[in-house]
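Trainee: I should be grateful for a close look at one part of this model, followed by an account of how the rest of the structure is arranged around it. Please begin with the backbone and then proceed to the charged pairs and the contact between the chains.

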Amino acid sequence: MRTRILALTTAAALTAALTSCGGTEAGSDEPVTISFWNTYTASNRPTVEKIVDDFNASQSAVVVEMTIQPGDVQAQKLLPAYSAGEGPTIAAIDASQVPEFASLGVIQPVDDLYESGKLDASQLPEASLAATEYEGAQYGVPMMATPTMLYYNKSLFEQAGLSEPPSTMDELAEYAKQLTQYAPGAEATNVHGFAIADSAAPPVWAALLWSRGGGVVDGDPATFGDPATVEAMGYWNDLIQVDHISPVGLGGVEADALFAAGRAGMLINGPWASAGFTEAGVDYGVAPVPAGPAGQFTIAISSNMHLNAEATEEEAAAAYDFFAHWNSEEQQTTWATSTGFPPNLTTIDEAALAENPTSLAFSKAVGARFYLQGLQQAAAIDSGVVIPTIQRVTNGEGTPQELLPAAGAQIEELLSE
Amino acid sequence: MSAPQRLLPRRSERTITATLAGPRPVPRVRVLRRSSIQRRRTRTAAAFLAPASLVLGVFVLYPMLDALRASFTDARIIGPADWVGLANYAELLADDRFWNALWNTALYAVVTAPLSVAIALGLALMLNRAVPARLLFRAIIFFPFVTSLSLVSIAWAFLFDPQVGTAAAWLSQVGLPIGNGINDPQWAMPAVMLVGIWRNIGFFMVMFLAGLQSIPRELKEAAAVDGAAGFRHFRTMTWPLLANTTMFVVVIAAIFAFQAFDQMYVMTGGGPFFSTETLVMYIYDTGFEQYRTGYASAVSWALVLVVLTISIGQLWYFRKRAVQY
């Protein structure tokens, strides 16, 4: 009994002392702990951890507890966690999922962050902000935004008598043919001019279709069954099936492995792939994806941070501090130079990025465009219709003329649901 | 022979006695004692069953019934759901992707279940004899079953990769190119079947070994004295006496086959163009990629009904062949 009284008095005294010297500190001195889920499991992980550690060390009011898990694991857990009231304060999700999450009401608008001046929206990637807008409100804060670029193997280019990366899509096709060394039955040693992944990778096919005036949804009605898409897919499919510029049915990991093994002349991918290529000793260059007859396009990829709809005011304020930290000049320079991603801030000088040429190269992309932007049915359209149709065509199960109109109708049906 | 069988005639005897005895009260003390023993037995049985029933109820029965309820709604992964009656099941019947997945699952089961049971039985017969290093062989064959299937599938995918795979490179060097490997629609299904068989034969083999070792020595000796040897010994002696083990293994093999998911998810992603998409993969895709919980529950219940029907069929078939010795 006596000890308890003693403890209580001490606690009261301590509280009084702390409150008096805390001054402007409101309420308790306990730091606010906020959780942060993301999927940066690959080579960028140490950088993400460093930026979070720096934040936790830089102040004592907020502690960010981060959980990094593979994309499919997070996708399974996130919505059930929100509905159980156990969702993370901050979740980083792909831009394509924002309409779904916003419509479910599990994330909340962060317009007041931009209004408060903690972050200047005009210095952040426009495409990311556009992709995280839902019904007129801003639902996200940029975490990562990047285009895909054309990687090319300089040694293979030299062997084929080529010195510069292609400047048009037709040139790319021509180079790809020249780089290809194909013999049937020699899959384990063949060299392919341009490795095109059709699944588990950035949707490279979309950029190839856009460059010739085709598309997937890209309009109303969806353009996947249009004659222009049929023509575009036929063009690339001939190059694959007749000229063998790419193996058929490559997944993203396989395409990267092929390029890392020095057996692919060109590849379209994001900056995260560069670390593996450097490690494998490939002498590569990075160039913008060239323009096709219908324009210059590449795939825009962005993952953004979102605030839990049930976050308290205190947690929201803590999250805003972290958002500002992530998008500060210092942290964005770290982010860009250690990962090769372009920085989120337009204010960062090129000279600051000099130590990582990949980051600089990726900030020079032209025509970055989101795939299946703003569609709640994105997953169903992509994995249910687009990928299998491309696989059917490239495996010779039917021509684009035969398969695309029906696939386009299927997409229309999904969109009307 | 078993307890419940013995109990039955006694109970009916008592009923008959009571009926014959008419209104005359049955001796009180005996009834009380019997029923109290029975009550105590029931209580003990219930106490023993309670922990398992509780776990099964909470983690199996309740989720199954809840999924059944969800299958009649348009539930998404979160948020409110409306009752839609049989709409999900109607959609299912018209869904090409569902029928394709059902067909793939059936094909996978028809090939892998009998093959893995047969191979496991062969291995068990071989390793039940005094062969050198048989413990080592048993361990090697059993090992795949204790590994994580999704992890070893990553290794298999690399081995079979047509462009950069080790196995593919070796095979092509000895003049056996595997073409486009697991990316070829013709080869994708055989590849995932191979991994499924490789994974399960160790477990089935251990079951068969246990079965073989429970066959009484005197029966084997008697058969040997009667002149049964080699295949004849197996056909007339071992095989019939293994019936109980075979039933268990066949039922489990079929259930494993209908639950196939991991190696397809990792190695082929269900592709090319759904050629390796199984029912469980389709459930995963609709439930966790498209977040259509209601529809995914309907597909799950279709799978439950398929597995239930097959298991009942198997049990009915084997029941007549059960042996006791």
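Mentor: Just after helix 14 of chain A, A:G340 takes a positive phi of about 90 degrees. The model in which this appears is a predicted one. Helix 14 of chain A covers residues 329-339, and its buried residues are A:Q331, A:Q332, A:T334, A:W335, A:A336, A:T337 and A:T339. These buried residues pack against several elements of chain A: helix 2 (45-58), helix 12 (274-279), helix 13 (313-326), helix 15 and strand 7 (141-147).

Beyond helix 14, the chain enters the loop that leads to helix 15 (357-362) of chain A, and A:E350 lies in this loop. The side chain of A:E350 meets that of A:K364 in a salt bridge, with 2.8 Å from N to O. A:K364 belongs to the loop between helix 15 and strand 17 of chain A, and the two partners are 14 residues apart. A:E350 has a relative accessible area of 45% and is therefore partly exposed, since that class lies between 20% and 50%. A:K364, at 44% relative accessibility, also counts as partly exposed.

Strand 17 (residues 368-369) of chain A contains A:R369, the partner in a further charged pair. The side chains of A:R369 and A:D218 form a salt bridge, at 3.2 Å from N to O. Because A:D218 lies in the loop between helix 9 and helix 10 of chain A, this pair ties together parts that are 151 residues apart in sequence. A:D218 is partly exposed at a relative accessible area of 32%, and A:R369 is partly exposed at 28%.

The loop between helix 9 (204-210) and helix 10 (227-241) of chain A also holds A:R212. The side chain of A:R212 meets that of A:E231 in a salt bridge, again described by the distance from N to O, 3.2 Å. A:E231 is in helix 10 of chain A, 19 residues from A:R212. What is the burial state of each partner? A:R212 counts as buried because its relative accessibility of 17% falls under the 20% limit, whereas A:E231, at 38%, counts as partly exposed. A:R212 and A:E231 are also linked with A:D170 in a network of salt bridges. In general, side chains of opposite charge can pair when their charged atoms come close. Over all chains, the count comes to 12 salt bridges.

These features may be placed within chain A as a whole. Chain A has 17 helices and 17 strands, and 51% of its 417 residues count as buried. Its C-alpha trace spans about 90 × 50 × 40 Å along the principal axes. Among contacts in chain A between residues at least 6 apart in sequence, 72% join residues at least 24 apart. The accessible surface of chain A comes to about 17500 Å², with 52% of that area belonging to carbon and sulfur atoms.

The contact with chain B comes next. It takes 32 residues from chain A and 27 residues from chain B. Together the two chains bury about 2500 Å² between them, 58% of it on carbon and sulfur atoms. On the side of chain A, the residues that lose the most area to chain B are A:Q76, A:E187 and A:E254, together 18% of what that side buries. Across this interface there is 1 salt bridge, formed by B:R76 with A:E100, whose closest N and O atoms are 2.8 Å apart. The interface also has 8 residue pairs in polar contact. Helix 3 (71-83), helix 4 (98-104), helix 11 (252-260) and helix 16 (378-394) of chain A each supply at least two residues of the side that touches chain B. Of these elements, helix 16 of chain A provides the largest share of that side, 7 residues.

Finally, chain B carries a nonpolar patch on the surface, formed by B:L54, B:V55, B:L56, B:V58, B:F59, B:V60 and B:M64. The accessible area of this patch is about 670 Å² together. One of its members, B:V55, is placed in helix 2 (residues 28-70) of chain B. B:V55 is partly exposed, with a relative accessible area of 47%.

Note on methods. Residues numbered from 1 in each chain as written. Chains lettered and ligands numbered in written order. Predicted model: local features only at pLDDT ≥ 70, side-chain atom pairs only at ≥ 80, totals over all residues. Heavy atoms only, no water. Patch = residues over 30% accessible without salt bridge, like charges linked within 9 Å, V, L, I, M, F, W, Y side chains within 5 Å. Areas by Shrake-Rupley, 256 points an atom, 1.4 Å probe, with all protein chains shown as cover. Salt bridge = Lys/Arg side-chain N within 4 Å of Asp/Glu carboxyl O. Helix = DSSP H or I, 4+ residues; strand = E, 2+ residues; numbered from the N terminus. Buried < 20%, exposed > 50% of the residue type's maximum accessible area, 1.4 Å probe, protein only. Contact = heavy atoms within 4.5 Å. Buried area = accessible area lost by both parts, 1.4 Å probe. Polar contact = N/O pair within 3.5 Å; in protein donor to acceptor, adjacent residues only side chain to side chain.
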